[in-house]
Amino acid sequence: MKHISIKSVLAQIALVLDDRYWNETAVLEHASRAYRQMNLESKLEQKVAALEVFNHKVTLPSSLKYIVQVGYISDNDTFSYDKLTPLKITSNAFHSSICLDSCFATCTNCKYEYSISSSGIITTNIKEGKLLVSYLSYPEDEDGTPMIIDDENVKEALIHYVFYRYWMQKDLMKEEGASQRMIFHLGMWNTLSKKALNANLPDI
């Protein structure tokens, strides 16, 4: 199955969205999150990322599909794998959808732990430092941008999800007509994301 950059979807959204409200980082985050939620069986790649923790939180890579394992680097200047301290994952119903079995391995006397939100944020009892995250990733282009399956239902579903989130914000600000638009795009997202699952997709 052919893959294309997720930025092809962003380009279509940029043509419609008013320049005053265009935020590529936010749109990319919403589109990437929607793609993960579709749970498509794309070909995955194994990767490792060193992520800086600030005020107990760190954002996972947007291309991440599954977490393999998370460790704490206690000394940022002289890193080696023998200095990697494992973290224990907390109990959370969402974790089973994003973490492989290796995440749930028993950690004896673990000092550090973490949880993951549906928005791709790790929260840990480490205030500052560096986490080493081993994960399975969707394919990325040469710029490190996630790639998606080149399927019209997939692309249209992502566009409607982004506009659903856009109009949700407008609805929270009590903008007239925003609620109806939000409901419309949510319905289209639900319909098209289900249609995308019927595509003839490859195994992982």
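**Note on the predicted model**

1. At 73% relative accessibility, Lys174 counts as exposed, since the cut-off for that class is over 50%. The residue sits in the loop that links helix H4 (152–172) to helix H5 (178–196). Its phi is positive, about 65°, although Lys174 is not a glycine. The model is a predicted one, and the backbone angle here should be read as a computed value of that model.

2. A positive phi also appears at His56, where the value is about 75° and the residue is again not a glycine. Most residues other than glycine have a negative phi. His56 belongs to the loop between strand E2 (45–54) and strand E3 (57–59). With 29% relative accessibility, His56 is classed as partly exposed, because buried means under 20% and exposed over 50%.

3. Leu87 is in the loop between strand E5 (84–86) and strand E6 (88–89). Its relative accessibility is 3%, so Leu87 counts as buried; the cut-off for that class is under 20%. Asn125 is 38 residues from Leu87 along the chain, and the C-alpha atoms of Leu87 and Asn125 are separated by 9.9 Å.

4. Helix H5, which follows the loop holding Lys174, also takes part in a helix crossing. The axes of H2 and H5 come within 10 Å and cross at roughly 55°. That angle makes H2 oblique to H5, because it falls outside the ranges for roughly parallel (under 35 degrees), roughly perpendicular (65 to 115) and roughly antiparallel (over 145). The crossing of H2 and H5 is right-handed.

5. On internal space, the structure holds 1 cavity of 30 Å³ or more. The volume of the largest cavity is about 40 Å³. Its lining is made up of Ile6, Ser32, Tyr35, Arg36, Ser62, Tyr138, Pro146 and Ile148.

6. Which helix gives the largest share of that lining? Helix H2 (residues 24–38) does, with 3 residues. H2 is also the helix that crosses H5 at roughly 55°. By residue class, the lining of the largest cavity divides into 5 nonpolar, 2 polar and 1 charged. Arg36 is among the lining residues, and arginine counts as charged.

Terms used. Residues numbered from 1 in each chain as written. Predicted model: local features only at pLDDT ≥ 70, side-chain atom pairs only at ≥ 80, totals over all residues. Heavy atoms only, no water. 1 Å grid on protein atoms, 1.4 Å probe; cavity = no way out; pocket = protein on both sides within 12 Å on 5 of 7 lines; lining within 4 Å. Points joined across faces, edges and corners; volume = space filled by probe spheres on them. Helix = DSSP H or I, 4+ residues; strand = E, 2+ residues; numbered from the N terminus. Buried < 20%, exposed > 50% of the residue type's maximum accessible area, 1.4 Å probe, protein only. Axes fitted to C-alpha atoms, helices over the stretch in contact; angles between N-to-C directions. Left-handed = near helix turned anticlockwise from the far one by under 90°.
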